Every structure is written in C-alpha cells, then in structure tokens.
Amino acid sequence: MMSPRERCSAVKPADAALGKPTHDTDAAQRWPWWPLLPLYPYGRRRTLVRELIAGRIWSFEQLQGVWYVAVPIRMTVLKVADGLMLYAPVAVTAEVRAELQQLEARHGPVRTIVLPTASGLEHKLPVPAMARAFPQAEVWITPNQWSFPLALSPRLLGFPPGRTKVLGTDGLPHANQLRWLPLGPLDLGLGTFLEYACFDQATGALLLTDALVAIPPEPPSLFDADPTPLLFHARERGDEPLLDSPEHRRRGWQRLVLFANFLRPAPLDVAPLPELLRHSLAPGCRGPRAHFGLYPFRWRAGWQREAAQLMPGGPEGIQVAAVLERLVFPRQRAALVAWIRLLAALGEVRWLIPAHYEAPVACSPTQLQTLATELEARPWAPSTGNWAFLAGVDRALLRFGLVPGEP
Ligand SMILES: [Fe+2]
C-alpha cells in the first residue's frame, strides 16, 4: 500500500516552482497579527506549498499550536473558471503572497476568498489580511459568525464591506463547478458551529475545514524546516537535550498528536514540581528553544498503542478529531452522521482535503458511508481513558450552563 506521501506524489507531477521554501527568510515569513491569536510559531509562519492535484489544487500549510503542540493548518487553493479560489486562508506572509502570485501568473487572479467556518478562530483570523492582499477578490463568509467576549459585527471583525457575501444567504460561489454542503448550524452555547464543505466536481476533491481529518503516522514534511516541536516532545525528561533523528521525530509527532487530540491523554503523568525544577536548566537545555528544560511530561508504557490507534494512515484514518467529538459534537452525533451521508451522495468523491493534518486523503462515497455507519455503531463521545479529561471539561461547561444539553 502506498504511503500518504507516495499517494500525494501519484497525483502531483514534479513542479519546480512549488514545494520548496523559496522565500525562507524571517522577513518573508513575518506575520504581524500573531498577538491576536498568540500561537506557536508566533510571528514567523513558514509555509509549505504543495501541488495536490496537477494544475488544479494546491495546499498552503503552516504550523500552529500551543507549547510546541503544533499541527498543520492548511489553506486550499482551487482553480476556478476565471482564476483562483482560496478556501480557509492562512496567515498571508510575503512568502504566501509570492507563491500565490506565481499561481496567479499561470492560472489567473485570486477571485474568491472563502471562510468556511463560523467558529474556527484559527481560520477566521487570517481572512481580513488576506482580503486586503487581494482587494479585487470577493470574500464569502459562513453565516452565524460570532466572537467572544464581545459580539462584533462582520465589519468590526475585519471582513471588508461592499465585497463580503454570506454563503447560502447571498448564493454560493462558482456554483456551476462546486457544490457546497453545510454542517450545522449547531448550537454551541457561546456561539454556533457551522462548516461548509466544498466539492470540486471535476477532480472529486472534497474540501473540508475541521469536521473530519486524517492523521498521518509519520511527521508531516512541514516539520522538515524546523523539527523543534517534535524533538521537544520526544524526550523522557527535561534534562535531556533535543536530539534529532528520524526516531525522535516520529516519537515526538505521535505524542504531539495525542496532546492535540485529547489535551491530557491517559498514559501521561505530570512530574512533581521539585523534579521539574531539578531537571530544568541542564546543559544543552538552557535556552528558550528547550523552554529552559521545563518539561513536566512523563509518558507511561503503552502510549504507543494509543498513538497507533489514532494514526493508522490513509483512508482508514479518516476520523472526527477527538476534541471535536467530545467538546463540539458530544450531543450532535446524528447531525454529523447525516452530513457525512450527504457528502457521500455528492458524487464521485475521490479525495478529502481537510484544513488540518494530511491531504489529499484517498476517499470514496463508500468509505464515507462506512464511516457514517461506524460512527453510529460505536460508543460516542466516551468519558473514560484518553477521553476522561475532555469529558471533565464538557461536564464543567454543562454545569456552568455554557453549552447546551441534549438537543
Ligand atoms: Fe481548524
């Protein structure tokens, strides 16, 4: 069976202009708006550009995360009849602009910018800057946009007046080529969950945002330029220096994914404070890159088994991210399953391109139907093992009336 990267290269011929860090400098990767959502890697956002489907679909990937728990976030660029459409923008650095200009030279101007989610702050925040970078483009946003703690209007959220349209309400962009399918609106209490899937009928590619992902067992190539987050989490204790090897990278990635999915996975202990301090500031760990040796995590035997379940690789790995299942959809399984069945009925789905983790992921209508059946059959939003911490958060939110109970 082909690995995800082999599958990817099977659909993308070598392209000398793409897939290389052609603008790999601090200045080209500067993202000045990072304080609005202060996530790693803060003010410097490297971008990996890959052609996913020849002449048709490109992936712009950046990293983002908390305390080195960093996962890929993706903008998908799609060829449309008279130019390009950007689905789920990422931070628009000079590097991103230069790469998009190369695509514009060959495929026409950026015509459309789509914010396909009502709730995903990490996708929402880059939109105003991307809209300013392409002042001729139409901006389409998902309805039910919300902000917290202040409820700001779309204009105050930075969406440009005069050229911002609402998906569904004002029509749908490129409707002769694309089919749009919303999941939601679902009541989250503080706001609304609503995500628009976009199906490109010509290629069979299904663009998604957060609802489904596939997590590769190997670290994404996005980490090749700087594997620090992987090496940080590969250690057993804080006084170990950050060592680079394929094994360290793989171990760090798998632990990082357990964190990203469960926030506090079950096979994890937290070191007592005296031990934490004793191991800090060891030789080789005295700089900010190693967080001065402050590393409170102790992984218990058997954590690899939990990681392997999350990351089988390929189509078998298509899943609802645990944090979404337990905190966003814990009482909305029926709506999610119904939406997946509608996706399966869209036509000849061949690829999933989510906004996080692996892409493209080979897929088919049958696989989506199977996924829907499996989600219905297995226990939903469990509360034990890896899920215990998320379940505790959900219980607390319910207790304070911040999220709704059974619909
Ligand atoms: Fe997201």
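**Note on the β8–β10 strands and the domain contact**

1. Strands β8 (residues 178-187) and β9 (residues 192-200) run antiparallel to each other, paired over 8 bridges. Pairing here takes at least two DSSP bridges between the strands, and the elements are DSSP runs numbered from the N terminus: helices are H or I of at least four residues, strands E of at least two. Bear in mind that this is a predicted model, where local features need pLDDT of at least 70, side-chain atom pairs count only at pLDDT 80 or more, and totals for chains, interfaces and linings use all residues. Residue numbers start from 1 along each chain as its sequence is written.

2. If you want to check the register, L183 has E195 of β9 as its bridge partner, and D187 is bridged to T192, also in β9. The two strands make a hairpin with 4 residues between them. In that turn, look at G189, with its positive phi of about 90°.

3. β9 carries on into another antiparallel pairing, with β10 (residues 205-207), over 3 bridges. There D200 is partnered by A205 of β10. This is a hairpin too, with 4 residues between the strands, and G204 in the turn has a positive phi of about 75°.

4. How many residues of β9 are buried? It's 8 of its 9, so the strand is mostly covered (buried means 20 or more other C-beta atoms within 10 Å of the residue's own, with C-beta atoms placed from the backbone).

5. On to the domains, whose bounds come from an automatic or database domain assignment. Domain 1 is given as 4-216 + 319-394 and domain 2 as 221-310. Their C-alpha centres lie 28 Å apart. The contact takes 22 residues from domain 1 and 18 from domain 2, with contact meaning C-beta atoms, placed from the backbone, within 7 Å.

6. Which elements make up the domain 1 side of that contact? At least two residues each come from β2 (57-66), β3 (69-80), α9 (322-327) and α12 (388-399). The largest share, 4 residues, is from β3. By class, this side has 16 nonpolar, 3 polar and 3 charged residues (nonpolar being Ala, Val, Leu, Ile, Met, Phe, Trp, Tyr, Cys and Pro; charged Asp, Glu, Lys and Arg; polar the others, Gly among them).

Terms used
Two residues are in contact if their C-beta atoms, placed from the backbone, lie within 7 Å. A residue is buried if 20 or more other C-beta atoms lie within 10 Å of its own, exposed if 12 or fewer, and partly exposed in between; C-beta atoms are placed from the backbone.
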